[in-house]
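Reader: I should like to understand how the terms used for a protein model are justified. Please take me through some of them.

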Amino acid sequence: MVQALNFIGLNVVLDVVYNHLHANGPHDKDSVLDKIVPGYDLRRNNDGFIENSTCVNNTASEHYMVDRLIRDDLLNWVVNYKVDGFRFDLMGHIMKDTMETNGVDGSRIYIYGEGWNFGEVANNGRGVNASQFSLSGTGIGSFNDRTRDATLGGSIWSSSSTRIRYRFIVTYNKIAYTFFHTNNKHHITCYIAHVSVSNLGVEPLKFPYHQNIVYLLRIGMAANLKDYVLTNHEGKDVKGSEILMHDATPFAYASQPTETINYVSAHDNETFFDIISLKTPMKISVDERCRINHLASSMIALSQGIPFFHAGDEILHSKSLDRDSYNSGDWFNRLDFSYKSNNWGVGLPPKGKNKYSWPLPILQTSKQSYSCHAQQFLRLVMHQILIASLPFRFSKGNPVPDTIVMSIEDGHKGIPSVSQIDPVYFNSNNSNSFVVVIFNARPSEFSFLSPSLKNRNLELHP
């Protein structure tokens, strides 16, 4: 199977779950490792009880033979099955040494995962764990929850009331997107967007995280590079590691773009269309929701780092607000590529983690909306993802508040000060060597003046 997929140009990434076991003890029929050497493979607390912060039966990769088992299994998949990469579930519960020195050739095999820092292993509680801050310099990727939360608002771990009350919602102002190009090898892309903050009648959050939302997005779009320097809202030049989160921890942690997986939705929690429907006003149209979805996709595609798109984002996929659908079957998880339905409003999702959303009214959607968004998404990915890995710079200080302006340039013959990253796509014979991207978070349109663009002869892209 792997060979056949490789033959048609697809790489195969294996999702691995080494952080816990299904069962434990000498008597459970599903217990395996714990029957071989009782008590060795599982992590325990000071009272001798098994740690369950992953979900159940946490494995102890700090123990030599558990570490060895993980390494041997990874090599088996690479050598005998020729897989191209690994995605680690709850990677932060695995020791950094296990991840970094596993014998897998990192130049060919890409390794990434969930570098969350929690539970008994938090802050290197059982040894240096493979959390976001520990992986800088390793080349191992971790999911970028900073940009996700700055884009969507709140946190996936917030209580249901907080997730709805305190929101940083990305919505469109009037224009979804426009492309510009020139006849003299220059290219500009402009996105007009509107970011609104709503509190449903309660006091807004009074915290620098709220004030710095644009700067958090800027450093997130710069691959969360800890040494990337930008000008903050006070006019000071600061590094990404000096910009703080709501809990006063550094926002940026990566030393290279490949260590950052940019995303706004994944298999866990609501789909992006569902979280938009949950957090935005009921009165906005389906077309506006499509534009919101496309805006977030644009931010991911145009950021430095590894872009990650959840299956179905391109067709506004819904799980009818089911935020924990691993056991919900096809009824809530189905993908309909005929665009007849995006699976919104097919029924009440299971009560467990979804009861707070039961009272919400059902929105109307249309086949035309799915088809239109799918076409826009594919154009974005096919045309723009090629430039996402190039070095780029933000306009100093952003003279217009609540906007993000950035430029991307790839060198070619005649530009000695700029190196050429991609000679195939960016060359002196086409109009793709220079790109400007503008995000507008204001409630109205604005004019942006840049003397450096004066002689670019920019034209509207078809």
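Author: The following exchange sets several terms against their definitions.

Author: This is a predicted model, in which local features need pLDDT of at least 70, side-chain atom pairs count only at pLDDT 80 or more, and totals for chains, interfaces and linings use all residues. Residues are numbered from 1 along each chain as its sequence is written, and side-chain values use heavy atoms, with hydrogens and water left out.

Reader: Why is Leu10 called partly exposed?

Author: Buried means under 20% relative accessible area, exposed means over 50%, and partly exposed lies in between (1.4 Å probe, protein chains only). Leu10 has 43% relative accessibility and therefore counts as partly exposed. Leu10 lies in the loop between α1 (2–7) and β1 (13–16); helices (H or I, at least four residues) and strands (E, at least two) are DSSP runs, numbered from the N terminus.

Reader: What makes the nonpolar surface patch?

Author: Phe7, Ile8 and Leu10 make this patch of about 380 Å². Patch residues have over 30% relative accessible area and no salt bridge (a side-chain nitrogen of Lys or Arg within 4 Å of a carboxyl oxygen of Asp or Glu). Nonpolar side chains (Val, Leu, Ile, Met, Phe, Trp, Tyr) are joined within 5 Å, and like charges within 9 Å. Areas come from the Shrake-Rupley method with a 1.4 Å probe; for residues, only the protein chains shown count as cover.

Reader: How do you know that β1 and β2 pair?

Author: Two strands pair if DSSP finds at least two bridges between them. β1 and β2 (residues 85–88) have four bridges, in the parallel sense, so the definition is met. Leu14 stands opposite Phe86 in β2, and Val16 opposite Phe88. β2 also pairs with β3 (residues 110–113) in the parallel sense over four bridges, where Tyr112 is the bridge partner of Arg87.

Reader: Why are β1 and β12 called edge strands?

Author: Six strands form an open, parallel sheet in the order β1-β2-β3-β4-β11-β12. β1 and β12 (306–307) each pair on one side only, and they are the edge strands.

Reader: What makes both faces of β2 covered?

Author: Gly85 and Arg87 on one side, and Phe86 and Phe88 on the other, are all buried.
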